[in-house]
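Reader: I would like to learn how to read a strand within its sheet, taking its two faces and its partners in turn. Could we work through one example together?

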Amino acid sequence: MKLLSGLFPALEAMAAVNPAKTLQDELTCSICLDYFKDPVSLDCDHNFCRACITQCWGGFDTDISCPQCREIFPQRNLRLNRQLRNVVEAARELRLQTGREPEPERLCEKHKEPLKLFCKEDEIPICLVCARSKQHRDHTVIPAEEDAEEFKEKVQAHLKMLREEREKLLGCKVSREKRSQEYLRNTQTERQKIVSEFQQLRQFLKEQERLLLAQLENLDKKIVKIQNESVSKVSAEISRLSELISKLEGKCQKPVSELLQDVRSTLSRSVKGKFQQPQGFCPKLELRLSDFSQKTVALMETLKKFKDTLPSALETKTGGSLGTFRQANVTLDPDTAHPQLILSEDRKSVRRRETQQHLPNNPERFDFWACVLGCEGFTSGRHCWEVEVGRGESWAVGVARESVGRKGRISHSPEGGIWAVEQWLGQVRALTTSMTLLPLSRVPSRIRVCLDCDWGQVTFIDAGDEAPIFTFPPGSVPGERIRPWFWVWMGSRLRLCP
């Protein structure tokens, strides 16, 4: 206990001053100004790091002094202070757990007094002297702890709001990541389908190529065989005729007596050797050549049609271009418009008002949802039109089948006969069965609707930057009459672009 006699007075005074600061001072070596390392005590009960005091004394062994109180000692006498070492280790562990050093109390820079008050007007902490000064005399001054409690409540409320906002963003992030993964899985599936289909197509074309080339090779062999046989016959005829010509020429050169000898037999042999024309190609071979030529022409035409059709299909799936679709001149059908919808005179724009008009409740008119159809209907071909949606709060554009329900709560989904995208409270969604949220960087102001009746597919494109928005896959839209479809919310206005 005697070894800690210098530590107890400081510990007893900790209640009057900053205890954390006092404890830190008592556990700090006065030479290195850091926590004690292997602390030792001198005869004057002052403590130092063993390495620090050894270095301070250097090579002296006698008449050494304490660096703190300057007391002289006749010889070195260092005692290990185990209790202090344990306290230092405990303090070091506590500092590691808290992650920071004890903070000293803040003082007024001008008066060096604790900042125990808070000025409401200037919104700064002040000391007691500042509160009595001319600068703050007429201001509302409250205890700093009281203002801190009020400020903590505001901070806590703000923290709660920020945490809730963070949770929403985290949820949105997770949702978007899930949708992105789903989209990536879908694209991977489509990629596998495309690779498989084209692999089969390449295999089929390769097999057709092999068969056609094999047939051509057989024809080549037969043509060469016939040619060789014909050349052989002609060559034999030429040799025989050459021999006869030579004999007759020799006969003519002989004297008259010899020329007239056996003249009949000589002429008879010449008549028998009359030139025989070689036969042409057999009719069967020419027929096979003609048939093969027709097959080749048909194959070339099929491949040409395939090449002309394939880019169109790919453009449709990826958004395509206006050059591949026919621009449709769409107008709105007043007989289908909900009573709250107001159509322009040219029937190119529609807006919604709060009260209903007195209109006949004909079978074609929507009576629950504020919807309207286009007058035009499509059963074949590829058509597109653009809709300016502006900055409306909520809207939907797309297509619907002719037989879509008009009365009561109809389902805005393919099951209800509608294929569309909508904006609802700042979010753009595809009206699928599960209401697919679309991860767009911005809400489009003009949408292009591309309908491919032959493929049974509808694609939506941001007409501003040509970016694809969403595509209902081929075969989604049934093979019946399809019409443009629009839904309008309060404060929104849709306009068909020319």
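**One strand and its partners**

Author: We are looking at a predicted model, and a good place to begin is where strand β13 (residues 382–388) pairs with β22 in the antiparallel sense over 2 bridges. In that pairing, V387 stands opposite L496 of β22.

Reader: Which residues of strand β22 lie on its covered face, and which on its uncovered one?

Author: The general idea is that side chains in a regular strand alternate between the two faces of the sheet. In β22, which spans residues 493–496, L494 and L496 make up the covered face, whereas R493 and R495 make up the uncovered one.

Reader: In what sense does strand β11 pair with β22, and over how many bridges?

Author: Strand β11, residues 349–352, pairs with β22 in the antiparallel sense, and the pairing runs over 3 bridges. Within this pairing S349 stands opposite R495 of β22, while R351 stands opposite R493 of β22, so that both of these positions on β22 belong to its uncovered face.

Reader: Where does one go from β11, and what stands opposite R351 in β10?

Author: Strand β10 (residues 341–343) and β11 are antiparallel partners over 3 bridges, and I342 of β10 stands opposite R351 in β11. The two strands form a hairpin with 5 residues between them, in which R347 takes a positive phi near 55°.

Notes:
Residues are numbered from 1 along each chain as its sequence is written. This is a predicted model: local features need pLDDT of at least 70, side-chain atom pairs count only at pLDDT 80 or more; totals for chains, interfaces and linings use all residues. Side-chain values use heavy atoms; hydrogens and water are left out. Buried means under 20% relative accessible area, exposed over 50%, partly exposed in between (1.4 Å probe, protein chains only). Helices (H or I, at least four residues) and strands (E, at least two) are DSSP runs, numbered from the N terminus. Two strands pair if DSSP finds at least two bridges between them.
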